[in-house]
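The following paragraphs lead the reader through one protein chain, from its overall layout to a few selected residues. Please keep the sequence and the structure in view while reading.

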Amino acid sequence: MAENKSAIGLVWAPKVPPLLGGEKNGSRRSQNQIKDSTLNPVDELVDGLYVPPRDPRKLNKLLKKNAKDTAGKSWFDMPAPSITPEIKKDLEILKLRHVIDPKRHFKKEGKSKSLPKYFQVGTVIEPASEFFSGRLTKKERKTTLADELLHDDALKSYRKRKIQEIEETHRPGGVEKWKNKGSQTWKRAKQRRK
């Protein structure tokens with residue numbers, strides 16, 4: 001038994017194109033085979049296997065495309081997360097946090113109005129010592145930051161007050177001379193007599 005055949009009778013060998021060089025007479029044929037063997041966008045698989053392109057430019061482009069999108073080594077290769085609508089709302093609220101609480105002052109954001117590309121979302125776990133002081137009750141806990149702010153009572157009263165102030169400034173007042181206010185009536189009466 002010189003030949004070592006498989007028990008089932010199936011034999012598979014990949015079809016690899018010959019390397020450049022070698023035969024001088026058949027150089028045209030080998031170049032044509034290499035041109036045919038480079039990947040076309042239509043068929044990426046050769047005999048069911050992926051063969052990377054031989055062109056270094058195409059190879060570098062492919063490597064850049066497949067590289068992981070991270071913040072870099074100084075940020076411990078933090079990946080860029082996918083942005084869902086809930087996360088997008090939370091990031092927009094964090095950008096407008098100076099409007100939420102008038103008593104707190106935050107450092108100004110940069111000039112960029114776009115959302116950050118690299119970030120992480122976590123859960124705050126309170127220690128047992130803050131059971132009565134800084135802990136949120138189960139009722140106060142919500143899934144997103146937007147939900148927590150909408151259900152906060154102090155923020156509700158602040159929002160209502162601010163909305164009333166804005167409505168008062170934009171409410172049409174009518175003609176001022178028809179309003180009789182205190183000592184102004186005497187002046188108007190004198191003006192009418194003249």
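A residue is called buried when its relative accessible area is under 20%, exposed when that area is over 50%, and partly exposed in between. These terms recur throughout the account of this structure, which is a predicted model.

The overall layout comes before the details. The chain has 194 residues, and buried residues make up 8% of them. Its secondary structure consists of 7 helices and 2 strands, arranged along the sequence in the pattern α-β-β-α-α-α-α-α-α. Of the contacts with a separation of 6 or more, 42% join residues 24 or more positions apart.

Confidence in the model varies along the chain. The mean pLDDT is 76, and 67% of the residues reach 70 or more. Among the elements, helix α1, at residues 27-37, has the lowest mean pLDDT, 48, whereas α3 has the highest, 91. The pLDDT is below 50 over residues 29-39, a stretch that has 12 contacts in the model beyond near neighbours in sequence.

Helix α3 deserves a closer reading. This helix spans residues 85-95, and its buried residues are Asp90, Leu91 and Ile93. Because these residues cover an arc of only 160 degrees around the axis, they lie on the same side of α3. An α-helix has 3.6 residues a turn, so residues three or four places apart point the same way. The face turned away from the buried side of α3 carries the exposed residues Pro85 and Lys89. The partners of the buried residues of α3 are two other helices, α4 (97-100) and α5 (145-150), against which they pack.

A residue in a loop also touches α3. Thr144 is located in the loop between α4 and α5. Is Thr144 buried or exposed? Its relative accessibility is 14%, and Thr144 therefore counts as buried, since the limit for that class is under 20%. Leaving aside residues up to four places away in sequence, Thr144 touches Glu86 and Asp90; Asp90 is one of the buried residues of α3. The side chain of Thr144 also makes a polar contact of 3.1 Å with the side chain of Asp147.

The loop between α2 and α3 offers another point of detail. Phe76 lies in this loop, which follows α2 (56-66), and Asp77 is found there as well. Phe76 is not a glycine, yet it has a positive phi of about 55 degrees. Asp77, likewise not a glycine, has a positive phi of about 50 degrees. Phe76 counts as exposed because its relative accessibility is 76%, while Asp77, with a relative accessible area of 41%, is partly exposed.

Aromatic rings form the last topic. How many aromatic pairs does a search of the whole structure find? The search finds 1. The ring centres of Phe131 and Phe132 are 4.9 Å apart and the ring planes stand at 90 degrees, so this pair is edge-to-face. Phe131 counts as partly exposed, at 42% relative accessibility, whereas Phe132 is exposed, with a relative accessible area of 78%. Phe131 has a further neighbour in Arg135, which lies over the face of its ring at 4.1 Å from the ring centre. A similar arrangement involves Arg97, which lies over the face of Phe106 at 4.8 Å from the ring centre.

Technical notes: Residues numbered from 1 in each chain as written. Predicted model: local features only at pLDDT ≥ 70, side-chain atom pairs only at ≥ 80, totals over all residues. Heavy atoms only, no water. Buried < 20%, exposed > 50% of the residue type's maximum accessible area, 1.4 Å probe, protein only. Helix = DSSP H or I, 4+ residues; strand = E, 2+ residues; numbered from the N terminus. Arc of directions from axis to C-beta. Contact = heavy atoms within 4.5 Å. Phe/Tyr/Trp six-rings, centres within 6.5 Å; stacked < 30°, edge-to-face > 60°. Lys NZ or Arg CZ within 6 Å of the ring centre and 35° of its normal. pLDDT = per-residue confidence, 0-100. Polar contact = N/O pair within 3.5 Å; in protein donor to acceptor, adjacent residues only side chain to side chain.
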